[in-house]
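Please look first at the model as a whole, and then follow the paragraphs below as they move from empty spaces to bound molecules and back to the chain itself.

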Amino acid sequence: MSRAVVILGAQWGDEGKGKIVDSLTDKADVVARFQGGHNAGHTVVINDEKFVLHLIPSGILHSGKLCLIGNGVVINPEALIEEMEGLEKRGVKLNGSLRISKSAHLIMPYHIAIEREKEALKGNRKIGTTGRGIGPAYMDKMARTGIRVADLYYPDVFRDKLQANLKDLNYILDNLYRTETFDVEDIYSEYMGYAEKLKGYIDDTDILVNRTLDEGGNVLFEGAQGTLLDIDHGTYPYVTSSSATAGGACTGLGVGPTRIDAVLGVAKAYTTRVGGGPFTTEIHDAVGEKIRERGGEFGATTGRPRRCGWLDMVVLRHAVRINGLAGLVLTKLDILDGFDTIKVCFGYRYKGKTLEEFPGELPVLEECEPIYREFKGWHESTLGITEFGKLPENARAYIKMIEETLGINIDIISTGQKREDIIKLKEHFK
Ligand code: GDP
Ligand code: IMO
Ligand code: MG
C-alpha cells in the first residue's frame with residue numbers, strides 16, 4: 001500500500017520542516033518539493049554536521065531516495081547549481097537521486113531587480129522579502145509570460161521569450177525606476193550555460209510521483225514557508241507568492257487530492273516570523289530576546305533575526321482548517337526549557353470583542369491583541385529526549401493542552417536539532 005504524506009509549515013515558516021522531512025525519509029521512496037524557491041532554508045543536522053537546503057528536498061541526505069523539484073517551484077538555476085555543487089563537495093550523490101520538473105518556472109535576473117525596486121518604494125509597508133525574485137517570478141508565471149525549465153532546451157523559444165519580456169521590462173527599469181537595464185544576449189548565454197549543467201536532471205516529475213504511488217511506494221511532499229505565508233490563506237500582502245498550504249502539494253507536483261493520505265503541519269512550541277507583517281503574539285521584551293538566543297532564531301537563508309512570540313492557537317486553528325491537518329508535529333520543545341511560565345494565546349481581542357478564528361482582513365488583524373492563558377513551565381532539560389514518558393510533567397501537560405485545544409494529535413515531537421532528537425508517537429509510513 002502506497003502512502004502519500006504532506007509535511008508543511010503551520011505558522012510563518014522555519015518551523016523545522018527540513019529536520020522532520022529528513023527524519024521521515026528513511027521510510028519514503030520519493031521526497032518532493034512542491035512550491036517556493038530558494039527563499040526557503042531547511043536545516044538538517046546529522047552528527048554535528050549542518051546542512052541547509054534551499055531548493056533540493058531535505059530527503060537528499062539519505063542515499064537511494066528519489067528527490068524531486070516539482071513544477072510548483074520557481075528555480076534560480078545559478079542558486080540550484082551552487083547548492084548541487086555544495087552538496088557534491090560534501091559527498092552527497094545527486095546523480096540518479098535528483099530530478100527537476102520541466103514545467104517549473106525560472107527566476108531570471110530581472111525578477112530580482114524588479115523586486116528590489118518595488119520593495120524600495122514601499123517604505124514602512126515593505127514585505128521584507130528575501131530578495132530572491134520569488135514574487136516577480138510567480139507574477140510572470142500567472143501572467144503567462146514566464147520562462148520554464150523546458151524552454152532552456154529550445155534555445156530559439158528561450159531567446160524569443162526573453163526578448164519579449166525585456167522589451168517591457170527594460171523600459172520600466174529605465175524610465176520608471178531609473179536603474180540599469182538587461183541585455184538579451186548576456187542573459188541568453190548565461191542561461192544556456194546553466195542548461196548544459198542541468199540537462200541530465202530534467203524530467204516529468206508528475207509522472208515519477210504518480211508512478212511511485214501506482215507501484216506501492218511512499219512519497220513525502222515537502223512544503224516550504226508556512227500556512228500564514230500562503231498567497232491565499234496567509235497574512236496577505238505580507239506573504240510569499242506561492243501556495244504553501246496543502247492544495248499546493250497537488251498543483252505543485254501534479255498529484256490528485258484523492259491520492260494524499262495525510263497532511264501533517266509542523267509548528268514550533270512557540271512562534272516566529274521573519275520579515276514584515278502582523279504578528280499578534282510577538283514578544284517585544286527580554287523574554288523574546290531569550291527565545292531568540294536559545295532557539296538560534298536567525299534566518300537560515302538571509303541571517304535576519306527572527307521575530308519571536310508565544311504559541312498562537314488562533315493561528316494553529318486556522319492551519320488545521322485550511323490544510324485539513326491529520327496531525328501536528330511540534331518542534332523546538334527544548335527551547336522552552338527553563339521558563340517559569342509559558343503563555344499561550346487562545347483568542348484575539350478586537351475592539352472589545354473576542355475573536356476565536358483568524359481574521360482574514362489585515363486592518364482587523366493589525367489591531368488584534370492576544371488573549372493569553374499562562375501555563376507552568378519546566379526546568380528540566382528536554383533536549384534529545386526520545387520517549388514521551390521521559391518528558392517533564394509540565395511539558396507533557398503543555399502538549400496535551402495543545403492537542404485538546406486543536407482537536408488533533410501531536411504525532412511527532414522534536415527535542416533538538418539532530419536527526420535522532422525526536423519522539424515519534426505515530427508512524428506515517430508502513
Ligand atoms: P524549516 O525552514 O522549517 O526547515 O526550518 P529552519 O531550518 O529554517 O529553522 C529551524 C531551526 O531550528 C534550524 O536551525 C533547525 O536545526 C532547528 N531545529 C529544528 N527542530 C529543532 C528542535 O526540536 N530543537 C532545536 N533546538 N532546534 C531545532
Ligand atoms: P522556509 O521554507 C520564513 C518570508 C520572507 C518575507 C515573505 C516574502 O525556510 O520556512 P519572499 O522572498 O518569499 O517573497 O518573502 O516571506 N519567507 C520566509 N519566512 N521561512 C521561509 O521559508 C520563508 N520564505 C519566505 O521573510 O517575509
Ligand atoms: Mg527555514
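A cavity, in the sense used here, is a set of grid points among the protein atoms where a 1.4 Å probe fits but cannot get out, and a residue belongs to its lining if one of its atoms lies within 4 Å of such a point. The structure shown is a predicted model, and everything said about its spaces is computed from that model. Rolling a probe the size of a water molecule over the atoms shows where empty space is left.

How many cavities of 30 Å³ or more does the count come to? The count comes to two. The largest cavity holds about 40 Å³ of space, and its lining is made up of Ser23, Leu24, Asp26, Lys27, Lys424, Glu427, His428 and Phe429. When these lining residues are sorted by character, four are charged, two are polar and two are nonpolar.

The second largest cavity has a volume of about 30 Å³, and around it stand His105, Leu106, Tyr110, His111, Ala137, Asp140, Thr145, Gly146, Ile147 and Asn165. Strand S8 (105-106), helix H3 (109-121) and helix H4 (134-142) are the elements that each give two or more residues to this lining. In the lining of the second largest cavity, five residues are polar, four are nonpolar and one is charged.

From these enclosed spaces we can turn to an open one. The second largest pocket has a volume of about 540 Å³ and is lined by 28 residues, with Thr43, Gly295, Arg306, Lys332 and Gln417 lying nearest its centre. Two or more residues of this lining come from each of H1, S3, strand S4 (49-53) and helix H9 (286-295), and S3 gives the most, with four residues. By character, the lining of the second largest pocket divides into 11 polar, 10 charged and seven nonpolar residues.

Which molecule takes up the space of the second largest pocket? That space is taken by ligand 1, which is surrounded by 18 residues, the closest being Gly16, Lys17, Thr43, Asp334 and Ser414. Helix H1 (17-24) and strand S3 (42-46) each supply at least two residues of this shell, and H1 gives the most, with three residues. The shell around ligand 1 contains nine polar, seven charged and two nonpolar residues.

It is worth following a few individual contacts of ligand 1 in the model. One of its oxygen atoms is 3.1 Å from a polar backbone atom of glutamate 15, while an oxygen atom of ligand 1 is 2.9 Å from an N or O atom in the side chain of lysine 332. For glutamine 417, too, an N or O atom in the side chain is 2.9 Å from an oxygen atom of ligand 1. On its own ligand 1 has 580 Å² of accessible area, and the protein covers 94% of it.

Ligand 2 can be read in a similar way. It is surrounded by 20 residues, of which Asp14, Lys17, His42, Thr130 and Thr240 are the closest. Lysine 17 is thus listed among the closest residues for ligand 1 and also among the closest for ligand 2. The shell around ligand 2 divides into 10 polar, seven nonpolar and three charged residues.

Three side chains show what the contacts of ligand 2 look like in detail. An oxygen atom of ligand 2 is 2.6 Å from an N or O atom in the side chain of threonine 130, and the side chain of threonine 240 likewise has an N or O atom 2.6 Å from an oxygen atom of ligand 2. In the side chain of arginine 304, an N or O atom is 2.9 Å from an oxygen atom of this ligand. Of the 550 Å² of accessible area that ligand 2 has on its own, the protein covers 97%.

Finally, two places in the backbone deserve attention. Most residues other than glycine have a negative phi, and most peptide bonds are trans. Asparagine 47, however, has a positive phi of about 45° although it is not a glycine, and this residue lies in the loop between S3 and S4. The peptide bond from tyrosine 236 to proline 237 is cis, with omega near 5°, and proline 237 is found in the loop between strand S10 (218-222) and helix H8 (246-251).

Conventions. Residues are numbered from 1 along each chain as its sequence is written. Chains are lettered from A and ligands numbered from 1 in the order in which they are written. This is a predicted model: local features need pLDDT of at least 70, side-chain atom pairs count only at pLDDT 80 or more; totals for chains, interfaces and linings use all residues. Side-chain values use heavy atoms; hydrogens and water are left out. A residue is near a molecule or strand if one of its heavy atoms lies within 4 Å of it. A polar contact is a pair of N or O atoms within 3.5 Å; within protein, one must be able to donate a hydrogen and the other to accept it, and residues adjacent in sequence count only if both atoms are side-chain atoms. Accessible areas come from the Shrake-Rupley method with a 1.4 Å probe; for residues, only the protein chains shown count as cover. On a 1 Å grid over the protein atoms alone, a cavity is a set of points where a 1.4 Å probe fits but cannot get out, and a pocket is an open set with protein on both sides within 12 Å along at least five of seven lines; lining residues have an atom within 4 Å of a point. A molecule sits in a cavity or pocket if more than half of its atoms lie within 2 Å of its grid points. Ala, Val, Leu, Ile, Met, Phe, Trp, Tyr, Cys and Pro count as nonpolar, Asp, Glu, Lys and Arg as charged, and the others, Gly among them, as polar. Grid points are joined across faces, edges and corners, and a volume is the space filled by probe spheres set on the points.
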